[in-house]
Structures are given as C-alpha cells and as structure tokens.
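Here is a short briefing on a protein model. Look through the sequence and the structure first, then read the points by topic.

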Amino acid sequence: KEMAARRACIAARPMAKLLSIDAVDAVVARCVRDVEAIDVHTHLLPPTHGNLLLWGIDELLTYHYLVAEMFMVMPCVSEEDSVSVGDAAPSPDDFYGWPKPRQAELVFEELFVKRTPLSEACRGVVTTLSRLGRGEQLRAAVRLPSRPRLTALRDWFAAQDASDHLERVFRLSKLKYAVMTNIPFAPEEAEHWTASPQPPLTPRLKTALRVDPMLVGDWRGICSVLRRASPPHPLSMEGCVAYLKEWVRRIRPIYLMASTPAGFTYTPTAAGPAAVRKQPPAGGGSAAEEGRGGQEGSGGAYPSAAELLEGALLRVAMEEGLPLALKVGAVRGANPALQAGGDGVEVSRLDWLRTLCAGYPSVKFLVTVLSAVNQHELCVLARKFGNLHIYGCWWFCNNPSIIETTTRMRLEMLGTAFTCQHSDARVLDQLVYKWAHSREAVTPVLAAQYRKLLEAGWPLSEADVERDVGLLFGGAYEEFLAK
C-alpha cells in the first residue's frame, strides 16, 4: 500500500526533467549560488542613522573577532613585567583609546602582514575586499614596508555614498533583505527613530525590536528608560507593556528579540501563562501596580526576569501577534578587557525553551544557539513544537566546518523546515564574505543529501532543488512567520 501511494504521488507531480546523480552537484551549486537569500538577523542600521551604520576598511579590521584574534597572538602585557621595552604591545585599554584608523593599522600588521590570514575572520576580509574589486589594493598594502598601509583602501571607501554602497553590497551578497537589530534602550539609536519627519526606510532593511533588559531582569535600567520616554511611562509592568507597544507602533518590527544572559533559565511564575492571556490592554499603571512593579525608591519588590518575560515580553508578543527571537548561549564579558571581543560561550540548558513552547503555543519562537553542543537538542525540540523555528549558525558557530556539520544534522532531522544561515553582521561589508562562505559550506552538504535520496530511489528535478534551496535560505522563515 505504501509503495502504491508513493507511485501515485510521483505520478501526480508536474512533468519535469529528472536529475541524474551525476548532475546533482552542478545543479545544487547553481541554485545555492543564485538564490536571493533573506538575512534574518543582523546588527546593521540604515544609512539615515549616520555613523551607526558601520562600513569601510577600518570597521572591517577593528571588528571584535579580529581584535580578539590580534590580542591572542600579541605579547602579554603586565605592569609587573620587568623585561618590557619601549615598543611594547599596547594594553587593551590603550588600544581602545586610539582612533579607529590606528587600531586598524595594527590589526592589519599583526594578522595580515606578519602572519598568513588563515582564520575565517581574516579570510573574510580578503574575500570581501576581493569581491568589492579591491584585491590588488589589499595585496599592495601588505607589501608596504611600514604603517600606514591602508590609505588607498580608506580613500576608496570614503569616496562611496553610503546608500549606494549598501545597495552594491546587497547585490554582491545576493540578498533580498536583512533584518536589523533595533534597540530602544540605546539613546543614540532611539533618537533616530523618534526624529520627525522619519526618512523612508530602504526596502533592503526590516526592523526587529531588541529587548534584552527584560530577560536580564534589569529593572533599574528599565525604569531609567521609562523615565526618559516622552511622555514618561509609569514605573510598573503596565508601563513596560505600554513602552514596548509604543515602539512596536513606531518601527513596526518583524519580531521581538533578546539574547539570554549566561546561565539563563525560566520557571513559570505562580500566575503562569494563563494569567498572561487574561491581561487587560496596557494603560497607565495604578499606584498599586507601581508598588507591585517595584518602583525605585518605593520599597516594593522588583519584578524578576520571569515576571518581566511573562508580564511584558510574552504579553506584547501575544497581543501584537509578534514572534519572539531568542539567541542562547553567550557569556558576556568573559574577558572584560577586550570589550565586545571578550564575550564567550556556554553550553546552555534548554529545558526552559521546552517550557516556553509548551506553555505559549500561540507564540512563535525563532531560536539560535551559540554552542555546537546545544545544536542537537535544539533540533529535537524543533521536531516537537511547531511554534519553534531554528535559524542560522551564530557567531562562534559561523565557521565553515561547523556550518557543514550543523546543516547536515538539520537536514537529516528537519528536512527544509529551518533557516540554514544568518550573517549576524555588524559591519555592512561583512555580508559579502559571510554569505559567500556560507553558500560554499552548505552546497556540498545539500548535494550529498540529494545523492542519498536519489540512490534510495526518489526522483528529483531541478525545480525541486530550486524550491528547497529557496526554503533553506529564507523561504521557510517567511512560511513560519505566516503560520
């Protein structure tokens, strides 16, 4: 019966030229190369935000991946070091006090002149500049005997218009659009969104509302933001909800998002999911609510991270119909001296994610994890909950070897019901190499899976491959959002 049903299914499919096993590699390579992808998570901002959009040679070279790599190979700095000489390596504090061009020159000298740029982050700079047509200028810079070496590259970037350069990078990267990370708790960004009139937003960028203080349980920081709002919001849970909804109306985000703090877990409060569903629409907080919410100076108890998650974040997600994206596994400030480059990784507990998916079936969760160890458990959870979608290979997992392993496992466990990659780019130009390298890593893994399928006896057409690649590179994400 099963074989008969399968033959009937195959017979009902539109007639298409079927692929031979020898043709699979070339077809997959073409489809992956040409697909217009969706970058579901970046840290980019629009050109209208001025210097908050990072791009150019100095930003590429001073990105925290490369700064951390540079300090890894430089001499250790110690006040007790009795053999230090005049031209000693700078301390991180000294380095971060320099202008960006001076920082970039040192990174370039240590990682590209004195050493072969073998790491993924260094190779990424080479790929980016080569695809931007700056390969010869890069090679010429390496040959210069001393600093400054980057003047020609710096001049080229300075001559570009930011909006035109953004469009160039998106075309080179074959991207349809990218989702930003928009932080209302950061005054330097918030001022751009509150300006009137608002300049039009390029269709290449879409918004996402990042609300990390809610998961950290940073009530004091939240109160500070509520006070700064115009007009101020009550220092209460209702004030939090009103503030988030104000920003939802202002920027129209695709989803809410947060990065979990180290050691994060979630145990439902006594009120639990049922109470969240019964909440009235947000309005002004009463005096009783402010006391319950822990108004600073009132002597009331501050709300916990679980209370903020339930009473504000999940409530807004439900009432506004917004997914919640979670990034799990970062350890902030593992080496504080390196600033953003000093963050680390942990193997996280994911039982709380199971609790969230089961307790809030109407909320859609987009999740990525930082530790390779957590990838298998996350796949199992995605098989059990239709309101959970896995996206990308984040940060320390964004290396070809890990992309290949992770994508192979996800294909075997999830089919095409996941998003194979996102860039996490903070520098516009990084899109070029992150997507080029990711496509290179995914192609052989997908081709191998198709060959196994053909060997098992399943007919496969080029149209099938095009459809599947479209799903893996953003289509499954959009289907998930549309559920």
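**Salt bridges around helix α17**

E319 is partly exposed, at 33% relative accessibility. Its partner in a salt bridge is R315, with N and O 3.1 Å apart. This is a predicted model, and the points below cover its salt bridges, its largest pocket and some backbone details.

- R315 counts as buried, since its relative accessibility is 0% and buried means under 20%.
- E319, by contrast, has 33%, which falls in the range between 20% and 50% that counts as partly exposed.
- Both residues sit in helix α17, which spans residues 305-320.
- They are 4 residues apart there, so about one helical turn separates them.
- The pair belongs to a network of salt bridges that links E238, K245, R315 and E319.
- In total, the structure holds 26 salt bridges.

**Salt bridges between helices α2 and α22**

Side chains of opposite charge can pair when their charged atoms come close. R30 takes part in two such pairs, one with E462 and one with E466.

- The R30 and E462 side chains meet at 2.3 Å, N to O.
- R30 lies in helix α2 (residues 24-34) and E462 in helix α22 (residues 462-481), so this salt bridge ties together parts 432 residues apart in sequence.
- For R30 and E466, the closest N and O atoms are 3.0 Å apart.
- That second pair also links distant parts of the chain, with E466 in helix α22 and R30 in helix α2, 436 residues apart.
- R30 is partly exposed, with a relative accessible area of 26%.
- E462 is partly exposed at 32%.
- E466 is partly exposed as well, at 40%.

**The largest pocket**

Rolling a probe the size of a water molecule over the atoms shows where empty space is left. Which residues lie nearest the centre of the largest pocket?

- H43, T181, I183, R210 and R426 lie nearest the centre.
- The lining of this pocket comprises 24 residues.
- Three elements each give two or more residues to that lining: α4 (64-73), α11 (187-194) and α12 (212-216).
- The volume of the largest pocket is about 640 Å³.
- By class, its lining has 12 nonpolar, 9 charged and 3 polar residues.

**Cis peptide bonds**

Two bonds that lead into a proline deserve a look in the viewer.

- R147 and P148 are joined by a cis peptide bond, with omega about 0°.
- P148 is in the loop between α8 (135-143) and α9 (151-158).
- From S196 to P197 the peptide bond is also cis, and omega is near 0°.
- P197 belongs to the loop that runs between α11 and β3 (205-206).

**Positive phi outside glycine**

Where do Q339 and W395 lie, and are they buried or partly exposed?

- Q339 is not a glycine, yet its phi is positive, at about 55°.
- The loop between β7 (330-331) and β8 (344-345) holds Q339.
- Q339 is partly exposed, with 44% relative accessibility.
- W395 is not a glycine either, and its phi is positive at about 60°.
- W395 is placed in the loop between β10 (388-390) and α20 (400-414).
- W395 is buried, because its relative accessible area is 8% and the cut-off for buried is under 20%.

Note on methods. Residues are numbered from 1 along each chain as its sequence is written. This is a predicted model: local features need pLDDT of at least 70, side-chain atom pairs count only at pLDDT 80 or more; totals for chains, interfaces and linings use all residues. Side-chain values use heavy atoms; hydrogens and water are left out. On a 1 Å grid over the protein atoms alone, a cavity is a set of points where a 1.4 Å probe fits but cannot get out, and a pocket is an open set with protein on both sides within 12 Å along at least five of seven lines; lining residues have an atom within 4 Å of a point. Grid points are joined across faces, edges and corners, and a volume is the space filled by probe spheres set on the points. Ala, Val, Leu, Ile, Met, Phe, Trp, Tyr, Cys and Pro count as nonpolar, Asp, Glu, Lys and Arg as charged, and the others, Gly among them, as polar. A salt bridge is a side-chain nitrogen of Lys or Arg within 4 Å of a carboxyl oxygen of Asp or Glu. Buried means under 20% relative accessible area, exposed over 50%, partly exposed in between (1.4 Å probe, protein chains only).
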